[in-house]
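Please walk me through this protein chain for someone who has not seen it before. Start wherever is convenient and keep to plain language.

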Amino acid sequence: MSIIVLAFLMMTAPVLAADKVLFDNGHGERFQVKEQGPLQLSGLAEVLQQAGLEVGTVDQPLSDATLAGARALIISGAFTPLHPNEIEAVARFIENGGRVAIMLHIAPPMASFLDRLQVSHTNGVVQERENVIDGELINFRVNRFQEHPLFKGVSDFSVHGAWGLINQTDNARVIAATGFQAWIDVDQDQKQSKEETASFGVVVAGTLGKGSFLVFGDDAIFQNKFLEGNNKILAANLAACLK
């Protein structure tokens, strides 16, 4: 009798669904979780799934309805801006406890949304003087971190064309940055000046209401081609942050 009762309880007990992560596909994103090419994000999707997260996509405007039921939202490589209504919907999503991760391919389309999160971006990609990869100044390893779960077990990670990030208030903070000789060619004269030289943020973490967000100055970090070594550990840590 007890076995029958136990079997009945197992059949009738609610099944807890995995935490759901939505990838935005409604703003011109060219790199997809369902594609297998070197610049696609299928590897990142696998890492998230291995962490127990359910991966989905949303190609409709971001709203309370389209974000309903999701634990987290990833906007990676958007080429067109979010509508003001979408910005407010995502802000409410975070305020109510949601997690959001933004990875920049080109920064200007995301400027208004980042401003809502009190984060700014530079007007060009960073050129580094330290830890440069294959002599390309825009490709480099980042190893200057603030304490954050994102960097557990990570000694460095590689970026390939990162925009600099600046926190506007204490609600957000730079948690990964370049060396102090990095520069951005503000006046486009291809000459590094003192005024253009600084340490620039490449990852920002922040909070809004009950939720949190991460902004990465580069989307290549998690593309299939670069998702190895410490970048893959970083992806696994990102999965934990999105839960």
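**A walk through the predicted model**

Q181 has a relative accessible area of 44% and is therefore partly exposed, since that value falls between the 20% and 50% cut-offs. The residue sits in the loop that joins strand 11 to strand 12. Apart from neighbours up to four places away in sequence, Q181 is in contact with E128, R129, Q192, T197 and A198. R144 is 37 residues from Q181 along the chain, and the C-alpha atoms of the two are 13 Å apart.

This is a predicted model, and its confidence values should be kept in mind. The average pLDDT of the chain is 93, and 93% of the residues score at least 70. Residues 1–17 have a pLDDT under 50 throughout, and in the model this stretch makes zero contacts beyond four places in sequence.

The interior can be taken next. The largest nonpolar core has 42 residues, and those touching the most other members are L48, L150, F157, F216, F222, L234 and L238. Helix 6, which spans residues 229–242, gives this core its largest share, namely six residues. A second core, separate from the largest one, has 30 residues, among them A70, F93, V100 and A172. Back in the largest core, what does L238 touch, leaving aside its neighbours within four places in sequence? The contacts of L238 are A101, M103, L150, L214, F216 and F222.

Helix 2 covers residues 42–50, and its buried residues are S42, G43, L44, A45, V47 and L48. Of these, L48 is also one of the residues that touch the most other members of the largest core. The elements against which the buried residues of helix 2 pack are strand 1 (19–24), strand 2 (53–58), strand 3 (72–76) and helix 6. After helix 2 comes G52, with a positive phi near 90 degrees.

Strand 9 runs over residues 157–160 and contains S158. Is S158 buried or exposed? The relative accessibility of S158 is 14%, which is under 20%, so the residue counts as buried. Its contacts, not counting residues up to four places away in sequence, are I133, F140, R141, I221 and N231.

The largest pocket holds about 180 Å³ of space. The pocket is lined by 16 residues, of which H148, A205, G206, S212 and F213 are the closest to its centre. Eight of the lining residues are nonpolar, five are polar and three are charged. Which elements each supply at least two residues of this lining? They are strand 4 (99–103), strand 11 (172–177), strand 12 (201–208), strand 13 (211–216) and helix 6.

One residue that touches this lining is G98, whose contacts beyond four places in sequence are R71, F93, G211 and S212; S212 is among the lining residues closest to the pocket centre. G98 lies in the loop between helix 4 (84–95) and strand 4. With a relative accessibility of 5%, which is under 20%, G98 counts as buried. G209 is 111 residues away from G98 along the chain, yet the C-alpha atoms of the pair are separated by 9.5 Å.

The loop on the other side of strand 4, between that strand and helix 5 (111–116), holds P108. Leaving aside its neighbours within four places in sequence, P108 is in contact with H121 and W163. The C-alpha atoms of P108 and E29 are 14 Å apart, with their positions 79 residues apart along the chain.

Two further loop residues are worth a look for their backbone angles. Most residues other than glycine have a negative phi. Q118, in the loop between helix 5 and strand 5 (119–125), has a positive phi near 65 degrees and is not a glycine. Its relative accessible area of 26% lies between 20% and 50%, so Q118 is partly exposed. D134 also has a positive phi, about 55 degrees, without being a glycine. D134 belongs to the loop between strand 6 (132–133) and strand 7 (136–142). Its relative accessibility is 75%, over the 50% cut-off, so D134 counts as exposed.

Note on methods:
Residues numbered from 1 in each chain as written. Predicted model: local features only at pLDDT ≥ 70, side-chain atom pairs only at ≥ 80, totals over all residues. Heavy atoms only, no water. Core = buried A, V, L, I, M, F, W, Y, C linked by side-chain atoms within 4.5 Å. Buried < 20%, exposed > 50% of the residue type's maximum accessible area, 1.4 Å probe, protein only. Helix = DSSP H or I, 4+ residues; strand = E, 2+ residues; numbered from the N terminus. Contact = heavy atoms within 4.5 Å. 1 Å grid on protein atoms, 1.4 Å probe; cavity = no way out; pocket = protein on both sides within 12 Å on 5 of 7 lines; lining within 4 Å. Points joined across faces, edges and corners; volume = space filled by probe spheres on them. Nonpolar A, V, L, I, M, F, W, Y, C, P; charged D, E, K, R; others polar. pLDDT = per-residue confidence, 0-100.
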